[in-house]
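Thanks for sharing this one with me. Here are my notes, set out as numbered points so that you can follow along with the structure open.

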Amino acid sequence: MSAKRKPILEVNGLKKHFSVKDSLGRTKGLVKAVNDVSFTLYEGETFGLVGESGCGKSTTGRTILRLIEPTEGTALFNNQNIFQLSNSDLRKVRKDLQMVFQDPYSSLNPRIRIGNALEETMIIHNLGTKKERMETVMEILNKVGLQEDHYYRYPHEFSGGQRQRIGLARALVANPKVIVCDEPVSALDVSVQSQIINLLRKLQNEFKLSYLFIAHDISVVRHISDRIGVMYLGNMVEDAPTESLFASPLHPYTKALLSAVPLPNPGVKKERIVLQGEIPSPLNPPSGCIFHTRCPYVKDVCRTVVPVRKEAAPDHYVSCHLV
Ligand code: SF4
């Protein structure tokens, strides 16, 4: 690990459980949406969070920003635990921690012009005078590849790719340090996806941003991430620098995910690992290793003992009894 890298966000032992009630309002169980997630995001870098739909990666992003309250754990941003901040301190920190959603259209008011919608973010954070806010919005529209006249247009006048640029602009006007990007390109065509990924990289350099990039497609995550964390059923099972994860994946679930990624050279063949069975319900997760019901290498110990997260190679962490 380079001595120059400085952590900007350190998440430890994050849990988010939702109680499930019966028709009489009595608690009948807990959905363990996020059950054990720890990782570090370094300044100016991207941490990719990947896993199948429903594995808890979006809940992780939202809980870190306290859009929903955590059940347990810590999230240190510049050495302050976000989970212990008072409401007024949280409001101050939120300026630095912005979020980009999969569908920015749904969070835009169809009757408000884009320029005014972007200015609203600045008003919430008490940034600039009216004139300064307009100037900033015009500048950011240019930075995300839109034009100044887009300031006066309404949300329905934009394409999917343009709306995602607006989503980015809305995060950027607050001049944040960290942006949580929740499936920002999943709804876009492949050609538009790469435009947005390239834009994210350009903006990262220009604004010295750190990203938590959440997506279900590991090949998309690979293009932008310095490190990747693999989630399964609310748990982070492996996290490592991107190159290390692709060159030598250690967890059987990561190996299965990577076996489904097409190789650049179609002449080279690799064996596809097809996992058997369904993902278990987070309402009743398996005992021991969370992955044991689908793991091709399962042993007796896996059914009863939870594997501990360990550093199996420099900066490469995994939770598996085999490693
Ligand atoms: Fe498979 Fe056991 Fe490793 Fe879990 S701990 S991934 S069941 S080998």
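**Notes on salt bridges and the ligand site**

1. Let me begin with D182, which counts as buried because its relative accessibility is 4%, under the 20% cut-off. Please keep in mind that this is a predicted model.

2. Which residue forms a salt bridge with D182? The partner is R62, and the closest N and O atoms of the two are 3.2 Å apart. D182 belongs to strand β7 and R62 to helix α1, so this pair ties together parts that are 120 residues apart in sequence. R62 itself is partly exposed, with a relative accessible area of 31%.

3. Helix α1 appears again in another pair. The side chains of K57 and E183 meet in a salt bridge, at 3.7 Å from N to O. K57 lies in helix α1 (residues 57-64), while E183 sits in the loop between β7 (178-182) and α6 (190-207), so parts 126 residues apart in sequence are tied together here.

4. Are the two partners in that pair buried or exposed? K57 has 4% relative accessibility and counts as buried. E183, at 9%, counts as buried too.

5. For a pair within one helix, have a look at α4 (residues 130-143), where K131 and E135 lie 4 residues apart, about one turn of the helix. Their side chains meet in a salt bridge, with 3.0 Å from N to O. K131 counts as exposed because its relative accessibility is 60%, over the 50% cut-off. E135, at 44%, counts as partly exposed.

6. Some salt bridges share partners, and in this way R5, E45, R227, D239, R309 and D315 are joined into one network. How many salt bridges does the count come to? The number is 19. As general background, side chains of opposite charge can pair when their charged atoms come close.

7. Now to the ligand. What surrounds the ligand? The residues around it are H251, P252, C289, F291, H292, C295, Y297, C302, C320, H321 and L322. Four cysteines are easy to pick out in that list: C289, C295, C302 and C320. The histidines there are H251, H292 and H321.

8. Sorted by class, the shell around the ligand contains 8 nonpolar and 3 polar residues, and no charged ones. As for the space that the ligand takes, this is the largest cavity.

Definitions and conventions:
Residues are numbered from 1 along each chain as its sequence is written. This is a predicted model: local features need pLDDT of at least 70, side-chain atom pairs count only at pLDDT 80 or more; totals for chains, interfaces and linings use all residues. Side-chain values use heavy atoms; hydrogens and water are left out. A residue is near a molecule or strand if one of its heavy atoms lies within 4 Å of it. On a 1 Å grid over the protein atoms alone, a cavity is a set of points where a 1.4 Å probe fits but cannot get out, and a pocket is an open set with protein on both sides within 12 Å along at least five of seven lines; lining residues have an atom within 4 Å of a point. A molecule sits in a cavity or pocket if more than half of its atoms lie within 2 Å of its grid points. Ala, Val, Leu, Ile, Met, Phe, Trp, Tyr, Cys and Pro count as nonpolar, Asp, Glu, Lys and Arg as charged, and the others, Gly among them, as polar. A salt bridge is a side-chain nitrogen of Lys or Arg within 4 Å of a carboxyl oxygen of Asp or Glu. Helices (H or I, at least four residues) and strands (E, at least two) are DSSP runs, numbered from the N terminus. Buried means under 20% relative accessible area, exposed over 50%, partly exposed in between (1.4 Å probe, protein chains only).
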